[in-house]
Amino acid sequence: MSKSYFDETHCAIGHPKSTFMQWMLTVDHKRIGLMYAAVMFTFFFIAVSTALLMRFELFAPGQQFIDGDTFNQAFTLHGVIMIFLFIVPGIPAVFGNIVMPLMIGAKDVSFPRLNWFTFWLYIFGSAIAIASLFTDAGFADTGWTFYAPYSLNTGTNVIFTLVAAFVLGMASILTGLNFLVTIHRLRAPGMTFFKMPLFVWGIYATAWIQLLATPVVGITLILAIMEKYFGIGIFDPSKGGDPVLFEHLFWIYSHPAVYLMILPAFGIMSEIIPVFSRREIFGYRTIALSSASIAGIGYLVWGHHLYTSGMADIAKTVFSLLTFFVAIPTGIKFYDWIATMYKGKIVLSTPMLWAMGTIITFAIGGLTGVTIAMIGVDIHLQDTYYTVAHFHYAMLGGVVFLFFAGMHYWFPLVTGKMYDEPKAKIAFYMQFVGFNLLWFPMFIAGFLGMPRRYFDYLPEFQIYHQFSFFGALLFVAGLVFMFWVFYKGWTKGEKVGPNPWHATTLEWHMPTSPPPLENHSKVPYVDFDPYEYHHGEPVVKFDYETMRRID
Amino acid sequence: MAHEYIPEISTDRDGTEHVVQGWQDDFYGGKLGFWLFMFTEVLMFGAMFLVLTYYKMLHPADFVAASASLNRFLGGTNTVILLVSALTMGLSLLKMRAGDVKGAKLMIWATIILALMFLSIKAVEWTAEYNHGVFLGLDALQSGNPHSKPFGEILFFGMYFTMTGIHGFHIIIGIGLMVWLLKRINAGKVSPEHHILHWNIALYWDIVHLIWVFVFPYFYMIGAASGGTGGH
Amino acid sequence: MIDYKSERVMYYKVLVGLLLLTAVTFGLPYIFEAGADLPAQMFIAVIKAWLILMFYMHLKGEKLISVMGIFSLMIVLVFFIIVLVVDVANFQFKDESHITAPQHTTGVTKHVTVPVKH
């Protein structure tokens with residue numbers, strides 16, 4: 001049995017003997033990706049618990065378990081963790097690290113030591129964010145958006161959270177930078193941009209957003225810190241500062257950040273659909289270029305968060321129009337995926353189930369997004385549960401569902417073992433049903449006027465909150481069950497070869513399973529398209545020792 | 001580690017061999033990475049200029065008045081110092097590439113000294129402003145007291161101290177980087193054959209200068225025509 | 001490998017150019033009225049930046065990628081500025097806004113609405 005990346009590694013400093021230190025100092029992209037996953041899902045479960053706590057509180061009108069201030073801190077904690085610690089770094093840091101270099105036939109990312117440093121920067125940032133929970137002032141109660149002037153006046157520990165968000169932003173920038181250089185420089189010979197797998201395209205578009213949008217929020221947070229410490233007045237209306245400017249600067253980053261989350265997720269979808277349809281992807285170039293154009297247009301639409309904040313009407317109109325344009329490349333992707341499945345030999349494995357479930361949930365999330373992109377409708381629906389349901393359908397039902405799809409898809413690659421398929425499918429159905437039961441009633445409640453971020457509500461909304469509550473229970477049960485299936489799969493699962501799904505992309509052509517330390521035994525020459533199937537069988541075959549084609 | 005790196009060869013179906021670019025010894029990749037990093041610097045300062053432009057549009061007269069009270073002589077001196085330091089840094093890189101390691105180190109020392117001069121002048125300037133009662137957290141820049149300056153001036157000085165402060169912070173980081181570079185040169189890790197670190201630190205120094213090229217006229221010169229106190 | 005002499009001459013030439021432009025910067029206030037010289041100042045700054053980018057930062061003769069990157073960056077920044085100008089020029093709530101109140105006449109703030117805690 002040859003050695004896998006679990007057995008040996010390169011380290012950033014020296015070469016320690018102990019296994020623990022080898023993990024801490026590792027520069028291997030696969031190990032770093034795994035460590036990201038471990039930390040991220042720990043935080044994910046903390047945030048899920050706070051969400052569940054809020055659901056408990058909202059089960060009936062009036063105060064049950066927590067008071068209003070704690071509720072404010074709870075949704076801030078939920079938002080900060082989910083956005084800054086989980087979903088923004090999420091797919092790029094985990095699968096971008098583990099899979100992307102394998103897909104382009106590289107030995108590692110361009111700057112392995114920087115990658116290691118970035119991981120620890122991420123840990124450092126997370127530690128600062130969590131530390132404010134244990135200070136006297138307590139965790140911030142501003143919501144994850146830190147809107148001025150409230151964030152400047154509140155007595156809670158906003159500074160810690162701002163600093164944490166800045167540090168995490170730096171980590172995000174460095175990840176993006178690393179991936180951009182990797183994709184530009186380290187593709188295997190012969191692999192042109194239009195021969196890259198679509199997940200790499202997703203990561204590429206994402207990396208540009210990480211690089212070019214994050215600095216804006218970074219400096220905004222610094223200005224907010226300066227404001228809080230020195231009172232420079234930039235966002236403080238009593239000194240002539242404009243709080244709306246904070247919202248502008250904040251959303252200049254945070255709106256592209258939404259596409260930063262979804263683009264790699266779309267990349268995972270574009271990997272899974274052709275593999276489990278056993279068919280070449282329909283419209284490769286349109287999917288690749290739509291990723292790029294979503295990233296491009298995504299920069300120019302931030303104003304739709306500010307329809308009710310005080311902005312010139314002409315600017316609102318322009319932003320509304322531009323926002324509609326984002327739906328076009330997204331729609332193109334959806335048609336391409338469905339066209340790929342048409343006349344394919346569809347294999348309903350768990351990853352495919354997650355992908356198809358996402359087509360439904362994200363379609364709902366996306367289309368409701370178009371409705372609130374209209375200025376008139378948004379005036380009614382801004383800051384209601386409708387908006388909350390919309391972005392949870394898009395984020396949880398889009399990004400996180402596809403994250404889970406990717407976890408099922410690449411599980412055999414990372415661990416060399418297979419989870420229990422029937423149980424994983426049960427977990428999917430539990431979460432899918434629970435998810436819709438949790439969020440769909442919120443569309444109705446929001447439309448009828450239930451505002452977000454309130455810990456109390458009028459009795460007529462109770463029925464929706466109770467539906468949501470039971471949906472949440474079912475969803476969390478499915479979530480826990482899914483991770484239990486993963487755990488069982490990793491410890492007791494059946495060993496599988498390098499390519500259990502009959503996939504075509506390079507990460508499945510490894511000499512061993514799980515992959516060895518420096519990836520492919522030889523760098524292949526890429527003279528084929530990423531998804532070539534003929535009568536339901538992969539066209540390209542390799543001799544895994546020499547990495548020469550043998551078909 | 002990078003020095004004994006031999007690139008791998010990949011063979012296509014016709015038997016033609018292709019050299020594989022590894023992450024080791026990738027000069028162009030290192031340069032590209034640093035350029036991407038500089039984009040983020042530009043965007044950070046770009047966002048601050050955006051804020052500045054916005055408030056200048058709201059309070060044009062206040063901005064001119066506040067700018068007129070800055071010390072243009074010291075600011076101009078600093079501009080020239082940074083200009084010359086960009087030259088010395090560039091020459092040090094040139095000497096390194098031409099194989100003159102000793103000359104390169106000398107030029108880096110010159111750059112460090114110029115950077116320290118820049119910081120000292122900055123310190124003199126800020127002290128004078130402090131003594132005039134204009135500094136972060138002082139009454140003049142807070143609202144609702146008899147010394148309060150008008151909105152536009154509060155915002156101007158708020159941005160002035162923030163932006164020149166962050167720029168000064170970059171200078172300090174730059175000095176640290178240059179000291180580290182000297183250490184690496186002495187350790188033989190940076191040599192005429194492997195000078196990517198030197199190249200990137202030279203780029204860093206240029207971007208710091210580049211930012212000052214915009215910061216200087218925006219703060220110091222817009223009020224120059226109205227005379228003003230010029231910091232006296 | 002590299003032409004040391006000609007490159008050194010280039011560095012000095014660019015230095016002279018930058019110094020001259022800096023001198024022009026100080027001359028401009030004598031031409032323009034107070035507050036009106038910002039566009040001219042920024043124009044000179046752009047020329048200086050171009051000199052630094054092309055020669056000191058060796059972009060001249062560089063592959064297209066860097067230039068493209070800078071170009072796209074410019075576009076984004078210009079877009080931000082355009083949105084800002086459009087928004088400020090067409091802002092319809094000026095009369096109700098507290099942040100643009102004239103301050104010179106009284107010298108005392110009239111519109112202290114949100115006291116700041118520190």
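Which pattern does chain C follow when read along the sequence? Reading along the sequence of chain C gives α-α-α. That fits the element count for chain C, which has three helices and zero strands. Please keep in mind as you look around that this is a predicted model.

**Chains A and C**

Let's turn to chain A, which contains 17 helices and six strands. Its C-alpha atoms fill a box of roughly 70 × 55 × 45 Å along the principal axes. Does the radius of gyration of chain A point to a compact globule, or away from one? For 551 residues, a compact globule would have a radius of gyration near 24 Å, so the 23 Å of chain A agrees with that picture.

Here are some values for chains A and C, set out for easy reading.

| Property | Chain A | Chain C |
|---|---|---|
| Buried residues | 67% of 551 residues | 37% of 118 residues |
| Contacts joining residues at least 24 apart, among those at least 6 apart in sequence | 79% | 41% |
| Accessible surface | about 18200 Å² | about 7300 Å² |
| Carbon and sulfur share of that surface | 70% | 71% |

Charge is another thing you may like to look at in chain A. It carries 31 positive and 33 negative charges, and the mean positions of these two groups are 10 Å apart.

**Where chain B meets chain A**

How many residues of chain B are in contact with chain A? There are 45 of them, and they touch 47 residues of chain A. The size of an interface is often given as the accessible area lost when the parts come together. Between chain B and chain A, the buried area is about 3800 Å², and carbon and sulfur atoms give 70% of it. Three residues are worth finding on your screen: Arg13(B), Trp23(B) and Leu36(B). Together they supply 16% of the area that chain B buries against chain A, more than any other three residues.

**A closer look at Pro422(A)**

To finish, pick out Pro422(A), which lies in helix α16 of chain A, a helix covering residues 421-447. Is Pro422(A) buried or exposed? The cut-off for exposed is over 50% relative accessible area. Pro422(A) has a relative accessibility of 53%, and therefore counts as exposed. From here you can also look across to Gln462(A), 40 residues away along the chain. The C-alpha atoms of Pro422(A) and Gln462(A) are separated by 36 Å.

How values were computed. Residues numbered from 1 in each chain as written. Chains lettered and ligands numbered in written order. Predicted model: local features only at pLDDT ≥ 70, side-chain atom pairs only at ≥ 80, totals over all residues. Heavy atoms only, no water. Helix = DSSP H or I, 4+ residues; strand = E, 2+ residues; numbered from the N terminus. Rg over C-alpha atoms; globule rule 2.2 N^0.38 Å. Buried < 20%, exposed > 50% of the residue type's maximum accessible area, 1.4 Å probe, protein only. Contact = heavy atoms within 4.5 Å. Areas by Shrake-Rupley, 256 points an atom, 1.4 Å probe, with all protein chains shown as cover. Lys, Arg positive; Asp, Glu negative; His and termini not counted. Charge placed at Lys NZ, Arg CZ, Asp CG, Glu CD. Buried area = accessible area lost by both parts, 1.4 Å probe.
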